[in-house]
Amino acid sequence: MIVEIGKDIAKARALLERGLVVAIPTETVYGLAANAIDEDAVIRIFEIKRRPRFDPLIVHGASREQLSNYVAAFPEWAVTLADRFWPGPLTLVLPKRETIPDIVTSGLDSVAIRIPNHEMTLDLLSQLDFPLAAPSANPFGYVSPTSAHHVFDQLGGEIPYILDGGECAVGVESTIVTEQEGELVVLRLGGVAIEEIESLVGPVRLQIQASSNPLAPGSLQSHYAPRTPLTLGPIDVSQYDLERIGVITFHTQIAGVPARHQIVLSPEGDLRTAAKHLFGGIRYLDSLGLPLILAEELPEIGLGRAINDRLRRAAASIVGKPV
Ligand code: TXA
Ligand code: MG
């Protein structure tokens with residue numbers, strides 16, 4: 001298949017209406033999108049991504065009214081969070097209705113929904129008469145894409161169109177929140193900081209799962225990872241050949257390591273900027289083919305928590321699931 005990269009919303013719409021899979025930009029990462037209520041279209045997503053069928057997808061819509069057609073209830077906590085953060089990097093997992101095929105939710109009785117904050121994609125979604133199921137547009141197990149080029153590099157041969165909405169403004173995936181037995185639970189750290197959520201709805205429990213499938217907890221070895229081994233911790237380069245390591249730091253370069261082997265996530269020390277540069281930085285260093293990448297942990301606050309979570313998953317031999 002010959003892939004085209006462009007900004008033609010009408011073209012993306014026409015392909016999606018035919019049941020095909022199209023890559024779309026969001027503010028978090030690029031998504032691999034298809035008609036969420038067309039089972040065959042959704043199956044194509046799983047095939048292209050080589051994603052196990054037991055890992056459910058997020059349903060993206062243009063408005064809360066539209067998404068309300070697919071959930072059995074929209075409780076008060078969810079309304080509060082949606083009012084504040086939609087469109088934006090927040091996903092709500094709510095009881096599902098029959099209107100969403102089981103393939104989307106891997107047979108769970110809940111569905112994940114979100115309104116992404118990207119002008120082009122909001123325009124596209126508002127022109128469609130169905131919502132879009134979309135996982136991150138990377139092959140299962142690799143780092144999520146934050147530009148049209150990242151998608152092209154890995155899935156270019158398998159989809160007809162990549163809607164190019166530029167670099168993703170947030171750069172890490174959405175924060176996922178649900179309710180379990182009356183308690184609010186965060187299932188994935190992401191673009192909305194936990195502190196912001198707690199300031200609105202009170203304390204939440206973190207349940208950053210190894211697997212979303214209760215039947216297979218922890219059963220997936222994470223390859224949410226560059227091909228290059230990555231270690232996370234305080235950076236001490238004294239034992240390495242400085243020409244042969246890649247380095248990821250928050251705001252300061254490491255003396256002696258060539259600048260082209262270093263990613264400084266935010267020279268100003270801003271966590272939002274750091275999140276935006278994280279995945280592109282990992283991809284870049286991975287492309288150099290060095291034997292090792294050393295990464296520094298960031299402050300465990302705000303978006304720093306989501307960044308550290310992704311770095312931990314990228315670090316070699318961690319057991320967990322790709323996000
Ligand atoms: O920022 C994002 O959320 C991006 C963009 C494209 O919107 N999407 C994304 O999708 O990261 P994906 O498929 O890579 O991650 C979705 C996560 C998975 O970990 C999945 O297990 C979880 O959402 N999920 C989906 N439905 C769920 C459900 N009903 N219950 C629990 N977890 C669910
Ligand atoms: Mg993903």
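Here are four short exercises with worked solutions on a predicted model of a protein chain.

**Exercise 1. Overall build**

Task: Find out how many helices and strands the protein chain has, and decide why it can be called as compact as a globular protein of its length.

Solution:
- Step 1. Start with the inventory: the protein chain holds ten helices and 15 strands.
- Step 2. Next, take the radius of gyration, which is 19 Å, and set it beside the 20 Å that the globule rule gives for 323 residues. The two values are close, so the protein chain is as compact as a globular protein of that length.
- Step 3. Finish with burial: 56% of the 323 residues are buried.

**Exercise 2. Strand 6 and its partners**

Task: Work out which strands pair with strand 6, and in which sense.

Solution:
- Step 1. Locate strand 6 at residues 110-114.
- Step 2. Look at strand 4: strand 4 and strand 6 pair in the parallel sense, over three bridges. Here His60 stands opposite Arg114.
- Step 3. Now turn to strand 5 (residues 90-95), which pairs with strand 6 in the antiparallel sense over four bridges. In this pairing, Leu92 stands opposite Ile113.
- Step 4. Check the two faces. In a regular strand the side chains alternate between the two faces of the sheet. In strand 6, Ser110, Ala112 and Arg114 lie on one side, Val111 and Ile113 on the other, and all are buried.

**Exercise 3. A closer look at His60**

Task: Decide whether His60 is buried or exposed, and find what surrounds it.

Solution:
- Step 1. Place the residue: His60 belongs to strand 4, residues 58-60.
- Step 2. Compare its relative accessible area of 5% with the cut-off for burial, under 20%. His60 is therefore buried.
- Step 3. Follow the side chain of His60, which reaches the backbone oxygen of Ile58 at 3.2 Å.
- Step 4. Look beyond neighbours within four places in sequence: the contacts of His60 include Leu67, Arg114, Pro116 and Leu125.

**Exercise 4. The nonpolar cores**

Task: Identify which residues touch the most other members of the largest nonpolar core, and which helix gives the most to this core.

Solution:
- Step 1. Recall the background: in soluble globular proteins, nonpolar side chains tend to be buried together.
- Step 2. Among the 74 residues of the largest nonpolar core, Leu90, Leu92, Ile113, Ile159 and Ile248 touch the most other members.
- Step 3. Helix 9 (residues 271-287) gives the most to this core, with seven residues.
- Step 4. Domain 1 (4-206) and domain 2 (230-315) each supply at least three residues to this core.
- Step 5. Do not miss the second, separate core of 16 residues, which includes Ala33, Leu125, Phe130 and Ala134.

Technical notes. Residues numbered from 1 in each chain as written. Chains lettered and ligands numbered in written order. Predicted model: local features only at pLDDT ≥ 70, side-chain atom pairs only at ≥ 80, totals over all residues. Heavy atoms only, no water. Helix = DSSP H or I, 4+ residues; strand = E, 2+ residues; numbered from the N terminus. Buried < 20%, exposed > 50% of the residue type's maximum accessible area, 1.4 Å probe, protein only. Polar contact = N/O pair within 3.5 Å; in protein donor to acceptor, adjacent residues only side chain to side chain. Contact = heavy atoms within 4.5 Å. Core = buried A, V, L, I, M, F, W, Y, C linked by side-chain atoms within 4.5 Å. Domains from an automatic or database assignment. Pairing = 2+ DSSP bridges. Rg over C-alpha atoms; globule rule 2.2 N^0.38 Å.
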